[in-house]
Amino acid sequence: MEERFQFSGFADEIAPELEEQMRVFQQLGIRYIEMRGVNGRSLCDYSLQEAKEIKAQLKEHGFALSAIGSPIGKIGINDPFAPHLELFRHALDLAELFETPYIRMFSFFIPKGEDCAKYRDAVLERWGAFIEAAKGCGITLLHENEKEIYGDTAERCLDLLETLNCPYVRATFDPANFVQCGVEPYPAAYALLRPYIEYVHIKDAKFADGSVTAAGEGDGNVEALLRALWQDGYSGFLSLEPHLCDFSGFAQLEPNARAKAQASEGARLFTYATQRLQALLNKIEKGE
């Protein structure tokens, strides 16, 4: 099973410092990082020269990046686009530097209370610019479903992917984010998006209040999702994004989130989330 499912994760949920991130991942046997934040800054805020130093540290300890966990597309649809497109081009350069084939992205926050359909053309136009900028780079742009963006529901994710119809635009499937939007991750969302799923985030959540849990402890049907991925021949990353504590930068990512355990709990809670995922996979492997 390990040959098909490779573990990765958002190590900034453990601690801001790369050394601590790598120490815990080494203990957990995880050799890939979906890098979002490192040493207290967003990876996309680093210059290429600074990023080379991070790459050297990773290589020295036997790590590689599964994806650039970028914030691209996580701005308002009415916000200025030109500087964001430049940031995306920088993300492409970072992906090339780190030799990772993936950049995680979003499809823009829609003004509260407004009809998403009103902004469909603008979303598609901006994604068209991303596609053009990435042409020939060999990088796959992974759209992640996320609450309050255009691609929050499975139907709008499918609309985006089908309309763009680009071989290097694929889906990151996040069951917890679907739960937080009132969408059933499995089987409903999975059935619609399976042909486009290239990458999977592992976190769970509860319909009642949107609170995030470890895999299998919420309403995301994560165990059934993993079984379906295995049976359908999925081969790729399972990237842990537990969201079980207030890691550095959490407030910027989840401004309306409830208070959680303090960042000092990061290593323990990430370890617990990893163990929960492994327990689910062990059940599947044993045919239980």
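Helices (H or I, at least four residues) and strands (E, at least two) are DSSP runs, numbered from the N terminus. With that in hand, select D174, in the loop between strand 8 (169–173) and helix 6 (175–180).

Before going further, a word on what is on your screen. This is a predicted model, in which local features need pLDDT of at least 70 and side-chain atom pairs count only at pLDDT 80 or more, while totals for chains, interfaces and linings use all residues. Residues are numbered from 1 along each chain as its sequence is written, and side-chain values use heavy atoms, with hydrogens and water left out.

**Stop 1: around D174**

Is D174 buried or exposed? D174 has 0% relative accessibility and so counts as buried (buried means under 20% relative accessible area, exposed over 50%, partly exposed in between, with a 1.4 Å probe and protein chains only). Show its polar contacts next (pairs of N or O atoms within 3.5 Å; within protein, one must be able to donate a hydrogen and the other to accept it, and residues adjacent in sequence count only if both atoms are side-chain atoms). The D174 side chain reaches the backbone nitrogen of N177 at 3.0 Å, and a 3.3 Å contact joins it to the side chain of H201. Leaving aside residues up to four places away in sequence, D174 touches E144, N145, H201, K203 and E241 (contact means heavy atoms within 4.5 Å).

**Stop 2: the salt bridges**

Now add E241 and K203, whose side chains meet in a salt bridge at 3.0 Å, N to O (a side-chain nitrogen of Lys or Arg within 4 Å of a carboxyl oxygen of Asp or Glu). E241 lies in the loop between strand 12 and helix 9 (250–253) and K203 in the loop between strand 9 (197–202) and strand 10 (204–205), so this pair ties together parts that are 38 residues apart in sequence. E241 is buried, with a relative accessible area of 3%, and K203 is buried at 3% too. Extend the selection to D12, E13 and R36: with D174, K203 and E241 they are linked in a network of salt bridges.

From E144, go to R104: the two form a salt bridge, with the closest N and O atoms 2.8 Å apart. R104 sits in strand 6 and E144 in strand 7 (residues 140–144), so the pair ties together parts 40 residues apart in sequence. Both residues are buried.

For another setting, pick E99 and K55, where the closest N and O atoms of the salt bridge are 2.9 Å apart. Here E99 is exposed, with a relative accessible area of 63%, and K55 is partly exposed at 24%. How many salt bridges does the structure hold? The count is 23.

**Stop 3: strand 1 and helix 1**

Select residues 5–9, strand 1: four of its five residues are buried, so the strand is largely enclosed by the rest of the structure. Strand 1 pairs with strand 12 (residues 236–240) in the parallel sense over five bridges (strands pair if DSSP finds at least two bridges between them). G9 has L240 as its bridge partner in strand 12.

Move on to helix 1, where L18, Q21, M22, V24 and F25 are buried. In the same helix (residues 18–28), find R23, which is partly exposed at 37% relative accessible area. Just after helix 1, G29 takes a positive phi of about 75°.
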